[in-house]
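The exercises below are meant to be worked with the sequence and the coordinates open side by side. Each task is followed by a solution that proceeds step by step.

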Amino acid sequence: MSCHAFCDEAGFSLEEIKAAAADGRLLTMEIECSRVCNFRCPYCYQDAETHNELTLDEIKALVLQARDLGAQGIIILGGEPMIYPHIFEVIEYICESGMKVELFTNGSNITAENAQRLADLDVKVVLKLNSRNPEVQNKLCGIPNAHAIISSAFGNLKSAGYGDGGKPMAASSIISALNYDELEEMWNWLRDQRIDPYFEMITPQGGAVENDWVYEDPKKVEELFEKFAESDRKRFGVDWKPQPPLAGERCMRHQFSCYVDAVGNVMPCVGVDIPVGNIREKPLKQVLAESEVIQDLRNHLQEIKGPCAECPEKEGCYGCRGAAYQMTGDYLASDPLCWKNIDKQHEIDRLPIAAEGLIPQQAPMQMVESLLFLGERRALVQTVVGESNLFLDEDGNLEEVAYIEMVAQAAALFNGFRTRHRDEDPAGFLLGAKGFTFHGNVQAGDRLVVEATKDTGFGAFSIVNGRVLRGEECMAEGQIKIYHEEASA
């Protein structure tokens with residue numbers, strides 16, 4: 001499924017987007033009613049069906065929360081929405097709540113009757129259309145009859161008034177090595193029928209990681225975007241500047257939108273698949289307000305790192321945050337797939353990243369080696385206990401105080417990595433520890449992972465829960481209180 005959302009050219013100005021970001025409001029929300037899908041697209045970000053999915057009542061409550069935060073539209077993703085049994089109840093409820101609906105579908109169950117129902121509800125339908133060649137379409141959808149399903153849906157939607165009949169419609173296409181040569185012609189064919197082409201680069205996640213044959217070189221993608229732009233200027237009077245990852249549009253959804261999956265996890269988007277909270281545990285407004293990841297992305301002009309931070313187009317472009325996160329482990333890194341960054345890969349940091357220079361401790365006091373993972377208020381840090389470790393007792397076991405120091409240094413590495421692009425050297429101090437329990441002995445040569453999770457923060461003060469793991473075994477766990485000058489940023 002595509003990750004396209006409403007963008008400024010599709011209804012919101014850059015000024016509206018900035019205002020929404022500054023006020024903590026939404027302009028749209030993406031929702032996944034179910035992950036169940038009958039297609040097996042080789043590039044899809046979904047990897048499994050889910051259980052314990054949101055109930056219809058929970059979805060309705062979520063819709064109202066989004067509306068109360070200012071959302072003017074809801075984008076319905078999947079899975080395949082049109083095989084979700086309550087899809088029309090959801091659509092009708094959204095419409096009754098005063099919002100627009102944009103529905104992404106692979107065409108399944110788009111009968112003539114359902115196409116007309118969608119048209120009567122003024123739903124913008126975004127139909128998967130990766131190719132007009134049956135063989136290519138089927139391969140990119142992972143089933144042998146995809147072309148027939150999509151073609152039938154296309155005809156039914158057109159008969160219901162979509163496209164040149166005036167009802168809003170788009171075609172969602174990934175840019176792949178398989179369909180590259182036909183996309184310029186397909187772009188114009190869609191424009192001629194008043195169907196918006198949603199053509200986008202593939203985000204390297206899910207199935208796309210294993211199926212690298214789907215990718216096209218970013219430089220060739222740039223050439224294709226230029227052809228689209230030239231055609232739009234000359235034939236259709238539409239003027240836009242090419243930038244990744246969407247042809248003809250900006251992708252700045254993190255400024256004004258969010259994504260809620262089928263079990264209630266709130267994420268910045270399907271590419272930045274970091275759960276920042278769950279609507280079953282906290283209201284959507286609270287989840288968004290408390291999320292450091294969301295705030296970082298909304299403050300992109302100050303927080304994006306690397307070449308993208310120096311790009312003259314950065315006010316209206318930050319590449320694909322999904323590609324940045326999936327390829328580097330850092331949602332604030334520069335986009336490695338942007339054609340402007342092809343020769344700047346050495347300037348883009350990737351996890352795991354060494355702790356040296358990111359924490360104040362140096363040998364022999366340095367207790368952590370590298371940052372493995374960065375999430376919402378959570379980091380995983382790796383270390384190997386060396387023979388010369390100062391905290392080994394006479395029996396060769398790690399002293400208990402060392403575990404507390406490891407958690408503190410893991411928290412410092414988390415903070416140091418997040419703020420390393422700023423022209424400052426923030427101070428940090430371990431103020432205390434409590435509730436630590438110790439479950440076994442660690443010796444020289446043991447490989448450990450330290451999990452540090454920020455629990456609460458009060459200005460520059462933070463409470464951090466920590467665990468020290470050896471494989472699946474928890475060796476120590478407890479809580480520390482720390483001071484960081486940048487903790488409230």
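The model is a predicted one, and the first exercise concerns its confidence.

**Exercise 1.** Determine the mean pLDDT of the chain, and then examine residues 1–9.

Solution. Averaged over the chain, the pLDDT is 93, and 95% of the residues reach 70 or more. Residues 1–9, however, have a pLDDT below 50, although this stretch has 48 contacts in the model beyond near neighbours in sequence.

**Exercise 2.** Work out the order of the strands in the open sheet, and establish which strands form its edges.

Solution. The sheet has 9 strands, and reading across it gives β6-β5-β4-β3-β2-β1-β7-β8-β9, with mixed pairing. Its edge strands are β6 and β9 (277–278), each of which pairs on one side only. Helix α2 (residues 56–68) packs on this sheet, where it touches β1 (28–32), β2 (73–77) and β7, and its direction makes about 165° with that of β1. As an instance of antiparallel pairing, β7 (residues 259–260) is joined to β8 (residues 265–267) by 2 bridges, with Val260 standing opposite Val266.

**Exercise 3.** Describe the surroundings of strand β5 (residues 169–174), and decide whether its residues are buried or exposed.

Solution. Begin with the neighbours: β4 (residues 124–128) runs parallel to β5 and is joined to it by 4 bridges, Val125 having Met169 as its bridge partner. The pairing of β5 with β6 (residues 196–200) is also in the parallel sense and extends over 5 bridges, one of the bridge pairs being Ser172 with Tyr198. Helix α7 (residues 183–192) completes a right-handed β-α-β unit with β5 and β6.

Next, consider the side chains. In a regular strand, side chains alternate between the two faces of the sheet. Met169, Ala171 and Ser173 point one way from β5, while Ala170, Ser172 and Ile174 point the other way, and all are buried. Because 6 of the 6 residues of β5 are buried, the strand is largely enclosed by the rest of the structure.

**Exercise 4.** Using a sulfur–sulfur cut-off of 2.5 Å, count the disulfides and examine Cys95 and Cys141.

Solution. The count under this rule is 0 disulfides. For Cys95, the closest cysteine sulfur is that of Cys33 at 13 Å, which is too far for a bond; Cys95 itself is partly exposed, at 25% relative accessibility. Cys141 is likewise in no disulfide, with the nearest cysteine sulfur, that of Cys41, 4.6 Å away, and at 0% relative accessibility Cys141 is buried.

**Exercise 5.** Locate the backbone geometry that departs from the usual pattern, considering omega at Gly79 and Pro245 and phi at Asn52 and Asn109.

Solution. Recall that most residues other than glycine have a negative phi, and that most peptide bonds are trans. The bond joining Gly78 and Gly79 is cis, with omega about 15°, and Gly79 lies in the loop between β2 and α3 (87–96). A cis peptide bond also joins Pro244 and Pro245, with omega about 0°, and Pro245 is placed in the loop between α9 (218–236) and β7.

Turning to phi, Asn52 has a positive value of about 60°; this residue is found in the loop between β1 and α2 and is exposed, at 61% relative accessibility. Asn109 has a positive phi near 65°, lies in the loop between β3 (100–105) and α4 (112–120), and is partly exposed, with a relative accessible area of 42%.

Methods. Residues are numbered from 1 along each chain as its sequence is written. This is a predicted model: local features need pLDDT of at least 70, side-chain atom pairs count only at pLDDT 80 or more; totals for chains, interfaces and linings use all residues. Side-chain values use heavy atoms; hydrogens and water are left out. Buried means under 20% relative accessible area, exposed over 50%, partly exposed in between (1.4 Å probe, protein chains only). Two strands pair if DSSP finds at least two bridges between them. A crossover is right-handed if, with the strands pointing away from the viewer, the path from the first strand over the helix to the second runs clockwise. Contact means heavy atoms within 4.5 Å. Axes are lines fitted to C-alpha atoms, for helices over the stretch in contact, and angles run from 0 to 180 degrees between N-to-C directions. pLDDT is the predictor's confidence in each residue, from 0 to 100.
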